[in-house]
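Let's take a walk through this protein together, from its inside to its outer parts. Keep the sequence and the 3D view open side by side as you read.

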Amino acid sequence: MAYLKTTVEVVELPSTTSLPLIVDDFSLALHLGIRNKTLWWLIRGTRTPCGENESLYTEHSVAKRGRSGKKGKRRPIHVPDERLKRVQRSLDKNVVQKILVGDHVAAYEKGRRTADAARRCAGSGILLTMDLKNFFGSIKVSHIRRMLMHHGYSRQVASLMAQLCCCTDSRGNRFMPQGTPISPSIANRVADLYFDQEVIAKAEAKGWQYIRYSDNVYLTHPEVLPRSEVDAFKDDIINTIQRTGWKVHKIRVAPKWRRQEVLGLVTNEKANVKCEEYKRLRAILNNCEKHGFASQVDRAREKINFKIDSEEALIAHLRGKLSYVCQVLTPSRRQALQDSFKRAVEATDRKRSAQWAEEDKNDSDTCN
C-alpha cells in the first residue's frame with residue numbers, strides 16, 4: 001500500500017536548447033567538473049563573509065580611475081579564491097555564455113569591439129548618455145536566480161549557480177563582485193532581462209537606438225528633436241531603469257552641434273580620436289623615440305595615468321592605446337603612430353642590449 005502514495009516530481013528542461021541539462025546539485029557538479037561535496041564547500045565559502053577563515057573571497061581596495069583616483073578615492077575589490085575562479089570560468093563557458101544577448105550589448109561579448117559601438121552612434125542628431133551607478137554590485141543572488149529561471153532552470157539549480165557567482169562582504173551584504181571571471185557575462189544577461197528589453201521597446205517606438213556598453217548607456221536619434229520631447233523621453237528611460245533597482249547618474253544630452261563622445265571617441269560625423277588626444281599621443285611617441293621611454297614616465301604619470309610608474313608600464317599603456325585608437329584612425333595617421341612606436345621600441349632594445357653587453361664585458365674583465 002505504501003507504493004500507492006509515491007509521487008513523481010516532473011522536472012522542466014531549460015527553454016534554451018543549447019543550455020546543458022542540469023536538474024539538481026549532482027548534475028551541476030558533473031557539468032562543472034567537480035564533486036558534489038566540493039560544490040557545497042564552494043557555496044559555503046561564498047556565503048562566509050570576507051575576512052573570515054572559511055571565506056573564498058579577500059577584500060582589497062584600488063584607486064579609482066581619473067580625477068577620483070587622483071583625489072585619493074578608492075574602490076573596494078573582492079577577489080575570489082583560485083579554486084572558485086576555475087569553477088566560475090567553467091560555469092561561464094558551459095552555461096552563461098550559451099544564453100545569447102542582442103546586438104545592443106556592446107561589451108564583454110565575443111566578436112564585439114569598443115570601436116564598433118562608437119561607430120553605431122556616429123552621425124546622430126541627438127546623443128543621450130548615462131551611467132549605471134554600482135552596476136555589478138547592484139546585482140544580487142535573486143537577480144541571477146530569476147535570470148536563470150527565466151531560461152528554464154529550476155529554482156534549486158538557479159539558486160546554486162547564483163550563489164557561485166556572488167560573495168558576502170564583511171557587513172553581510174550578498175552581491176556579485178566586479179572582479180570575477182563570470183561577472184561580465186552575468187551582468188549583461190541580468191540587465192538584458194531586467195531593463196534592456198523594456199528600454200529597447202520604448203526607444204524603438206520613439207525612433208531612438210539603444211546601446212549599452214557595460215554600465216554606459218547610449219541612446220541616439222538621427223534627428224534633432226525639441227528639448228521638451230528629449231527631456232520627456234530621458235525621464236521615462238531613467239524611471240524605467242531605476243524601477244528595477246539600478247541608479248542612473250552622469251546624464252548628458254549632446255545635440256549634433258556639440259561634441260558627442262562615446263567610449264572616449266568623438267562621434268559627431270564618424271568615430272574618431274579627439275584632436276587633442278591624438279596630438280598628445282603623437283608628441284609622447286616622438287619624445288619616446290628621441291629620448292627613450294624612461295624620460296617620459298613622469299610626464300605620462302602626470303598627464304595620462306597616475307598608475308604609470310615605470311618604463312615597462314608606459315610601453316604597455318602605449319601599446320594598448322594604439323591598439324584602440326588605430327581602429328578608427330585614417331591609414332596614414334595609423335601608420336605614422338605605429339611606425340613611431342616601433343622605432344622607439346627598437347631604440348630602447350638597442351640601448352638595453354648595449355648596456356647588457358657592457359655589463360658582460362665588465363664582468364669578464366673583473367673575473368680575469
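A good place to begin is the largest nonpolar core, which has 62 residues; within this core, Ile144 and Leu219 touch the most other members. The biggest contribution to this core comes from helix H8 (residues 183–205), which supplies nine residues. Bear in mind as you look around that the model is a predicted one.

Zoom in on Ile144 next. Setting aside residues up to four places away in sequence, Ile144 touches Ile139, Ala162, Cys165, Cys166, Met176, Ile186 and Val190. Another core lies apart from this one: it has 37 residues, including Ala106, Val273, Ala300 and Leu318.

Now step back for a view of the chain as a whole. The chain holds 13 helices and 11 strands, and its C-alpha trace spans about 95 × 75 × 40 Å along the principal axes. Of its 368 residues, 45% count as buried. Among the contacts with a separation of 6 or more, 65% are between residues 24 or more positions apart. The accessible surface of the chain comes to about 20,600 Å², and carbon and sulfur atoms account for 48% of that surface. As for charge, the chain carries 64 positive and 43 negative charges, and the mean positions of these two sets are 3 Å apart.

With that overview in hand, let's return to Leu219, the other residue named at the start. Leu219 belongs to strand E7, where it shares a face with Val217 and His221, while Asn216, Tyr218 and Thr220 are on the other side; the residues on both faces are all buried. Put as a count, six of the six residues of E7 (residues 216–221) are buried. In general, side chains in a regular strand alternate between the two faces of the sheet.

Which strands pair with E7? One partner is strand E3 (residues 126–133), which pairs with E7 in the antiparallel sense over six bridges. Along this pairing, Leu128 stands opposite Leu219, and Asp131 has Asn216 as its bridge partner. The other partner to look at is strand E6 (residues 209–213), joined to E7 by five bridges and also antiparallel. Here Arg212 stands opposite Val217. E6 and E7 form a hairpin with two residues between them, and in the turn Ser214 has a positive phi of about 55 degrees. As general background, strands of a sheet pair through backbone hydrogen bonds, either parallel or antiparallel.

Follow E3 a little further. E3 is mostly covered, with seven of its eight residues buried. Besides E7, E3 pairs with strand E8 (residues 247–255), in the antiparallel sense and over seven bridges. In that pairing, Lys133 has Lys247 of E8 as its bridge partner.

Next, move along the chain to another sheet. This one is open and has three strands in the order E9-E10-E11, with antiparallel pairing. Its edge strands are E9 (261–262) and E11, each of which pairs on one side only. Strand E10 (residues 265–266) is joined to E11 by two antiparallel bridges. Leu265 stands opposite Val273 in E11, and Val273 is one of the residues of the 37-residue core.

Just past E11 is Lys274, placed in the loop between strand E11 (272–273) and helix H10 (275–291). Is this lysine, Lys274, buried or exposed? Lys274 counts as buried because its relative accessible area is 18%, below the 20% cut-off. Leaving aside neighbours within four places in sequence, Lys274 is in contact with Arg259, Glu261, Gly264 and Val266.

At the far side of H10, look for Ala294, which is found in the loop between H10 and helix H11 (297–303). Ala294 counts as exposed because its relative accessible area is 52%, over the 50% cut-off. In sequence Ala294 and Thr348 are 54 residues apart, yet in space they are 9.3 Å apart, C-alpha to C-alpha.

To close the tour, you might go back to Leu219: this residue and Ile144 touch the most other members of the largest nonpolar core, and Leu219 has Leu128 of E3 standing opposite.

Conventions
Residues are numbered from 1 along each chain as its sequence is written. This is a predicted model: local features need pLDDT of at least 70, side-chain atom pairs count only at pLDDT 80 or more; totals for chains, interfaces and linings use all residues. Side-chain values use heavy atoms; hydrogens and water are left out. A nonpolar core is a set of buried Ala, Val, Leu, Ile, Met, Phe, Trp, Tyr and Cys residues joined through side-chain atoms within 4.5 Å. Buried means under 20% relative accessible area, exposed over 50%, partly exposed in between (1.4 Å probe, protein chains only). Helices (H or I, at least four residues) and strands (E, at least two) are DSSP runs, numbered from the N terminus. Contact means heavy atoms within 4.5 Å. Accessible areas come from the Shrake-Rupley method with a 1.4 Å probe; for residues, only the protein chains shown count as cover. Lys and Arg count as positive and Asp and Glu as negative; His and the chain ends are not counted. The place of a charge is taken as NZ of Lys, CZ of Arg, CG of Asp or CD of Glu. Two strands pair if DSSP finds at least two bridges between them.
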